[in-house]
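The following paragraphs examine a single protein chain, moving from individual residues to helices and then to the chain as a whole. Please keep the sequence and the coordinates at hand while reading.

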Amino acid sequence: MGGLLHQFSDWYLSVLTQGGYWLIAGLMALESTFVPIPSEVIIPPAAYLAHTQGQMSLIGIVLAGTAGSWVGAAVMYWASRLLGRPLVLALGPYVGISAAKIELAEAWVARYESAGVFFSRLLPVIRHLIGIPVGILRMDFRWYALATLAGALLWCSVLAWLGQTIGQHPELLAGSLHRFFALVMGAALLLGALYYFFVQRTARAR
């Protein structure tokens, strides 16, 4: 997995200047589906380059990331709503989504509802899956869309702030942008611990 992320980071950094906001939005849309692209390696590097090279704005990066996240989450919602639970469970393993993961996300939604949608945007794994149970359970799309938009905006802002902070303190990188990815993934491990505490423990408490 680490090797794939390294290859992805090489590719992303080589095309980010040309792709700009559209590339960020597209990748964040994929990140909100079943495609395992961590947002931690999309937004912070873009914010870092925006601060150090000035070719993009921080606000533009946050808005592009938020819009992309919302689009991907909306696609997951409507696809799951139209397909229905039996078909989603049957097709899930073919795209790397097990029944256990879907049931875990269902437990999260059942317990926290729209607030759970908002906070799910800050947690790994559940962030990618939240649209599935919400669509299956036919939550009012207006509430889902609003909670998703707010959560994605907050998350993208945090990641952009992290990238800008690294840009303001280049000594943290010691001349290597790849070390930036290592720092960001370290933060992702912390989020993984939060995911275990809030999501896994929630499922066990059912």
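Glu31 counts as buried, because its relative accessibility of 0% falls under the 20% limit for that class. The model in which this value was computed is a predicted one. Glu31 is found in helix α1. When neighbours within four places in sequence are left aside, the contacts of Glu31 are Ile37, Pro38, Ser39, Ile42, Ser69, Arg121, Arg127 and His128. A separate relation links Glu31 with Gly72: the two residues are 41 positions apart in sequence, while their C-alpha atoms are 7.3 Å apart in space.

One of the contacts of Glu31 is Ser39, a residue of the loop between α1 and α2. Is Ser39 buried or exposed? With a relative accessible area of 0%, Ser39 is buried. The side chains of Ser39 and Glu31 make a polar contact at 3.5 Å. Beyond the four nearest places on either side in sequence, Ser39 is in contact with Met28, Glu31, Pro44, Arg127, Trp155 and Leu159. Arg127 thus appears among the contacts of Ser39 and also among those of Glu31.

Thr33 belongs to the loop that runs between α1 (2-31) and α2 (43-53). Thr33 has a relative accessible area of 9% and is therefore buried, the limit being 20%. A polar atom of the Thr33 side chain lies 3.4 Å from the backbone nitrogen of Val35. Not counting residues up to four places away in sequence, Thr33 touches Gly72, Met76 and His128. His128 is also one of the contacts of Glu31.

The aromatic residues come next. A pair of aromatic rings is described by the distance of the centres and the angle of the planes. How many aromatic pairs does a search of the whole structure find? The search gives nine. In one of them, the ring centres of Phe8 and Trp11 are 5.8 Å apart and the planes stand at 45°, so the pair is tilted; an angle under 30 degrees would have counted as stacked and one over 60 as edge-to-face. Both residues lie in helix α1, three residues apart, which is about one turn of the helix. Phe8 is buried at a relative accessible area of 16%, whereas Trp11 is partly exposed at 40%.

Another tilted pair consists of Phe141 and Tyr144, with 6.1 Å from centre to centre and 45° between the planes. Helix α8 (residues 141-168) holds both Phe141 and Tyr144, again with a spacing of three residues, about one turn of the helix. Tyr144 is buried, with a relative accessible area of 1%. Phe141 and Tyr144 also take part in one aromatic cluster, together with Trp70, Tyr77 and Trp78.

Two helices may be considered by their end-to-end span. Helix α3 (residues 58-83) has 26 residues and should span 38 Å at 1.5 Å a residue; its end C-alpha atoms are 38 Å apart, so the two values agree. Just after α3, Gly84 takes a positive phi of about 90°. Helix α5 (residues 99-120) presents another case: for its 22 residues a straight helix would reach 32 Å, but the end C-alpha atoms are only 18 Å apart. Where does α5 bend? The bend is at Tyr112 and amounts to about 120°. The buried residues of α5 include Ile102, Leu104, Trp108, Val109, Gly116, Val117 and Ser120.

A positive phi is also found at Arg138, a residue other than glycine, where the angle is near 60°. Arg138 is placed in the loop between α7 (131-136) and α8. Its relative accessible area of 52% means that Arg138 is exposed, since the limit for that class is over 50%.

Finally, the chain can be viewed as a whole. Its secondary structure comes to nine helices and zero strands. Of the 206 residues in the chain, 48% are buried. Among contacts with a separation of 6 or more, 74% join residues 24 or more positions apart. The chain exposes about 10100 Å², of which carbon and sulfur atoms supply 69%.

Notes: Residues numbered from 1 in each chain as written. Predicted model: local features only at pLDDT ≥ 70, side-chain atom pairs only at ≥ 80, totals over all residues. Heavy atoms only, no water. Helix = DSSP H or I, 4+ residues; strand = E, 2+ residues; numbered from the N terminus. Buried < 20%, exposed > 50% of the residue type's maximum accessible area, 1.4 Å probe, protein only. Polar contact = N/O pair within 3.5 Å; in protein donor to acceptor, adjacent residues only side chain to side chain. Contact = heavy atoms within 4.5 Å. Phe/Tyr/Trp six-rings, centres within 6.5 Å; stacked < 30°, edge-to-face > 60°. Expected span 1.5 Å × (residues − 1). Bend = angle between axes of the 7 residues up to and from the residue. Areas by Shrake-Rupley, 256 points an atom, 1.4 Å probe, with all protein chains shown as cover.
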